[in-house]
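Subject: Handover of a structure

Dear colleague,

I am passing the structure below to you, together with an account of what was found in it. Please read the notes with the structure open beside them.

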Amino acid sequence: MVFVHKRWQKHVFDDEGNINRQYYEMAALTELKNYIRSGDVWVEGSRLHKDFEEYLVSKDNWGKTKDKGTNIAVNVSFDRYIQDRIETLNTKLQWISLTSCTLKYNTLNALFIIKGLLKIKELHEEVVNKYP
């Protein structure tokens, strides 16, 4: 009984090696529950514990959709996607660099230190639109 976890073995097997059916069933159900929670086992027809592959686009549909174009919000080309992410990161870093004085002197009135913790107030729409 390979699946019987070490913590269950003293209950499932007696000194002669016989199996206690009630503890064996509890051990089996406990391990099954753990496998379902981890996604290693799925329940057919379940919405919560379904097979991970069901969340994905099937290979046949992906082949057809990829050629026609997708509604996916990211570029399907890895190189292009990474380039876009690098450009976005650089833009945000430049903004932080340029506005560090603004934040340092709290001209946005959005930064507070309360009981030793830095608090950032939600920015109004006009401030968010002003900065990228």
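What does the secondary structure of the protein come to? The model, which is a predicted one, has five helices and two strands. Along the sequence these elements follow the order α-α-α-α-β-β-α.

Overall picture

The protein has 132 residues, and 9% of them count as buried. Its exposed area is about 11,800 Å², with carbon and sulfur atoms supplying 55% of that area. Among the contacts with a separation of 6 or more, 17% are between residues 24 or more positions apart.

Helix α2

Much of this message concerns one helix, α2, so its limits should be given at the outset: helix α2 covers residues 21–38. The length of α2 can be checked by simple reasoning. Its 18 residues, at 1.5 Å a residue, should span 26 Å, and the C-alpha atoms at its ends are 26 Å apart, so the two values agree.

Both ends of this helix have a feature to point out. At the N-terminal end, N20 acts as a cap, with a side-chain oxygen 3.1 Å from the backbone nitrogen of Q22. After the helix comes G39, whose phi is positive, near 90°.

Which residues of α2 are buried? They are A27, T30, E31 and I36. The buried residues of α2 pack against α1.

A contrast is offered by L29, which also has its place in helix α2. L29 is exposed, its relative accessible area being 58%, and a value over 50% is what counts as exposed. Together with L32, Y35 and V41, L29 makes a nonpolar surface patch of about 350 Å².

Salt bridges

How many salt bridges does the structure hold? There are three, and each is described in turn below.

The salt bridge between E31 and R7 has its closest N and O atoms 3.7 Å apart. Because E31 lies in helix α2 and R7 in helix α1 (residues 6–12), this pair ties together parts that are 24 residues apart in sequence. Is E31 buried or exposed? With a relative accessible area of 10%, E31 is buried, since the limit for a buried residue is under 20%. Its partner R7 counts as partly exposed, at 45% relative accessibility. Leaving aside residues up to four places away in sequence, E31 touches F3, H5 and R7. The residue thus appears three times in this account: among the buried residues of α2, as a partner in a salt bridge, and in contact with F3 and H5.

The side chains of R21 and E25 form another salt bridge, at 2.9 Å from N to O. R21 and E25 are four residues apart in helix α2, so about one helical turn separates them. R21 is exposed, with a relative accessible area of 60%, whereas E25 counts as partly exposed at 36%.

The remaining salt bridge joins the side chains of R80 and D84, with an N to O distance of 2.6 Å. Where do these two residues lie? Both are in helix α4 (residues 78–104), four residues apart, which is about one turn of the helix. The relative accessible area of R80 is 36%, and R80 is therefore partly exposed. D84 counts as partly exposed as well, at 26% relative accessibility. The side chains of D84 and R80 also make a polar contact, at 2.6 Å.

Points to look at in the model

For a reader new to this structure, the following places may be convenient to visit in the viewer:

- N20 and Q22, for the cap at the N-terminal end of α2.
- L29, L32, Y35 and V41, for the nonpolar surface patch.
- E31 and R7, for the salt bridge between helix α2 and helix α1.
- R21 and E25, for the salt bridge within helix α2.
- R80 and D84, for the pair in helix α4.

In reading all of the above, please bear in mind that the model is predicted.

With kind regards

How values were computed: Residues numbered from 1 in each chain as written. Predicted model: local features only at pLDDT ≥ 70, side-chain atom pairs only at ≥ 80, totals over all residues. Heavy atoms only, no water. Buried < 20%, exposed > 50% of the residue type's maximum accessible area, 1.4 Å probe, protein only. Contact = heavy atoms within 4.5 Å. Areas by Shrake-Rupley, 256 points an atom, 1.4 Å probe, with all protein chains shown as cover. Patch = residues over 30% accessible without salt bridge, like charges linked within 9 Å, V, L, I, M, F, W, Y side chains within 5 Å. Salt bridge = Lys/Arg side-chain N within 4 Å of Asp/Glu carboxyl O. Polar contact = N/O pair within 3.5 Å; in protein donor to acceptor, adjacent residues only side chain to side chain. Expected span 1.5 Å × (residues − 1).
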